[in-house]
Amino acid sequence: MAPISDAVVVDVLRRVDRLTAPLVRRLGRPATLSQAQRDQWWALQLPQVAAGISAAPRFAGKLADLLPLQNTVGAAVQALVVGGVASEHGIEAPAERVALLARVLLDRDLPAARVEPLLQRSRGSYADEAFGARSDRAGLWGNVRTLWRVARLLGRIDDTLDARPKGKLHHRFLSNVPVVGVLGGYAAEREALRRAADAAAALGPVAVSG
């Protein structure tokens with residue numbers, strides 16, 4: 001299979017960032033926290049809830065590895081965390097945010113200078129078809145539907161998602177067991193989300209500058 005091009009990666013990740021940005025703004029992080037505390041909120045507090053969504057496909061145990069669900073759902077929630085950390089550090093330019101998503105989720109060296117012309121080329125593409133009507137993105141179920149749309153988008157680049165941050169090996173081993181695998185999956189995805197948040201905070205300036 002031919003490697004996935006930078007153009008395809010940028011097209012998918014820019015849509016992912018646009019989808020998750022409203023969720024980042026709606027989440028109830030205390031505004032009075034310091035910079036370090038805000039980073040820790042994304043690394044430690046949010047994953048307590050979000051890991052449950054990431055781990056849900058693990059109800060099927062090892063079967064989840066045969067489907068695109070585990071990688072795409074897990075990566076969708078990680079994209080939300082990376083976007084949140086990026087916002088905390090003032091990274092708002094689309095090219096810079098896509099560059100950071102590519103570095104953390106895909107371990108792909110795609111600096112903002114290379115992303116920018118690809119963004120220009122793909123502007124004017126579909127909106128509601130990709131993101132859904134605004135009314136469908138409100139409330140709890142709207143948030144879940146948004147993450148599901150993100151997962152479907154990421155399915156276009158599923159072959160690259162094995163590079164995303166992972167949890168501890170023994171938790172991932174347990175996640176292969178049907179039904180109870182969701183417990184191991186939860187622990188693994190919670191750790192993976194923490195690592196994604198830490199990586200975003202540490203790599204942000206590097207990823208955007210190239």
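Tutor: Buried means a relative accessible area under 20%, exposed means over 50%, and partly exposed is what falls in between, computed with a 1.4 Å probe on protein chains only. This is a predicted model, where local features need pLDDT of at least 70 and side-chain atom pairs count only at pLDDT 80 or more, while totals for chains, interfaces and linings use all residues. Residues are numbered from 1 along each chain as its sequence is written, and side-chain values use heavy atoms, with hydrogens and water left out.

Student: What are D17 and R97 called on that scale, buried or exposed?

Tutor: Both D17 and R97 are buried, so each has a relative accessible area below the 20% cut-off.

Student: Why is the contact between D17 and R97 called a salt bridge?

Tutor: A salt bridge needs a side-chain nitrogen of Lys or Arg within 4 Å of a carboxyl oxygen of Asp or Glu. The N to O distance for D17 and R97 is 2.8 Å, so the pair passes. Side chains of opposite charge can pair when their charged atoms come close.

Student: What makes the D17 and R97 pair a tie between parts of the chain?

Tutor: D17 sits in helix α1 and R97 in helix α4, so the pair ties together parts that are 80 residues apart in sequence. Helices here are DSSP runs of H or I with at least four residues, numbered from the N terminus.

Student: How do you know that the length of α4 agrees with its residue count?

Tutor: The expected span is 1.5 Å times one less than the number of residues. For the 13 residues of α4 (residues 94-106) that gives 18 Å, and the end C-alpha atoms are 17 Å apart, which agrees.

Student: What makes α4 largely enclosed?

Tutor: 10 of its 13 residues are buried, so the rest of the structure largely encloses α4. Among the buried ones are R97, V98, L100 and L101.

Student: Why is R103 called partly exposed?

Tutor: R103 has 28% relative accessibility, which is not under 20% and not over 50%, so R103 falls in between. Its side chain meets that of D107 in a salt bridge, at 2.5 Å from N to O.

Student: And why is D107 called exposed?

Tutor: D107 has a relative accessible area of 51%, so it is over the 50% line. D107 lies in the loop between α4 and α5 (112-122), and has a positive phi of about 50° although it is not a glycine.

Student: Back to α1, then. Why is R14 called buried?

Tutor: R14, in helix α1 (residues 6-26), has a relative accessible area of 9%, so it is under 20%.

Student: What makes the R14 and D11 pair a polar contact?

Tutor: A polar contact is a pair of N or O atoms within 3.5 Å; within protein, one must be able to donate a hydrogen and the other to accept it, and residues adjacent in sequence count only if both atoms are side-chain atoms. The side chains of R14 and D11 come to 3.4 Å, so they make the cut.

Student: Why are D11 and R15 separated by about one helical turn?

Tutor: Because D11 and R15 are four residues apart in helix α1. Their side chains meet in a salt bridge of 2.9 Å, N to O, and D11 and R15 are buried.

How values were computed: Helix = DSSP H or I, 4+ residues; strand = E, 2+ residues; numbered from the N terminus.
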